[in-house]
Amino acid sequence: QVQLVESGGGLVQAGGSLRLSCAASGRTFSIDTMGWFRQAPGKEREFVASRNWDGYRTYYAESVKGRFTISRDNAKNMVYLQMNKLKPEDTAIYYCASLRPGSSYLGEYWGQGTQVTVSS
């Protein structure tokens, strides 16, 4: 089992920035790829970004490319999402996830989520 706890969400104006953090515990040695997903009101959860342990495989949703950056501190079992130039359509609950072995897009373990609200 892997436990994930997100933090860093909040309310920000359009054009602003936020940095989300996710702390992993438990069987962290089994994690290769970590990622972020989000779910907006009335919509399905969607992929945002993922990064494997050495960053060789890093992927972003088209909607966030050039604005969001995923990073990891493997020694601290932390993963981050730096979000810049935020837009109202980025408003969602953001979830940290450890991804299924061999996948860069499918979550296996999930955090509880953190709310990000972008005002126009």
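These are my notebook entries on the core, one arginine and the aromatic pairs of this structure.

**Ground rules.** I worked on a predicted model, where local features need pLDDT of at least 70, side-chain atom pairs count only at pLDDT 80 or more, and totals for chains, interfaces and linings use all residues. Residues are numbered from 1 along each chain as its sequence is written, and side-chain values use heavy atoms, with hydrogens and water left out.

**Core.** I looked up the largest nonpolar core (buried Ala, Val, Leu, Ile, Met, Phe, Trp, Tyr and Cys residues joined through side-chain atoms within 4.5 Å) and found 29 residues. Buried means under 20% relative accessible area, exposed over 50%, and partly exposed in between (1.4 Å probe, protein chains only). Trp36, Val48, Phe68, Leu81, Met83 and Tyr94 touch the most other members.

**Arg72.** I found Arg72 buried but without a salt bridge (a side-chain nitrogen of Lys or Arg within 4 Å of a carboxyl oxygen of Asp or Glu); Asp32, the nearest side chain of opposite charge, is 5.5 Å away. The Arg72 side chain does reach the backbone oxygen of Asp32 at 2.6 Å.

**Aromatics.** My search of the whole structure gave 4 aromatic pairs. Rings of Phe, Tyr and Trp (its six-membered ring) pair if their centres lie within 6.5 Å; planes under 30 degrees apart count as stacked, over 60 as edge-to-face and the rest as tilted. The ring centres of Phe37 and Phe47 are 5.7 Å apart with planes at 80°, so I logged the pair as edge-to-face. Phe37 and Phe47 are both buried. Phe37 also pairs edge-to-face with Trp110, with centres 4.8 Å apart and planes at 65°. Trp110 is partly exposed at 29% relative accessibility.

Terms used. Lys and Arg count as positive and Asp and Glu as negative; His and the chain ends are not counted. A polar contact is a pair of N or O atoms within 3.5 Å; within protein, one must be able to donate a hydrogen and the other to accept it, and residues adjacent in sequence count only if both atoms are side-chain atoms.
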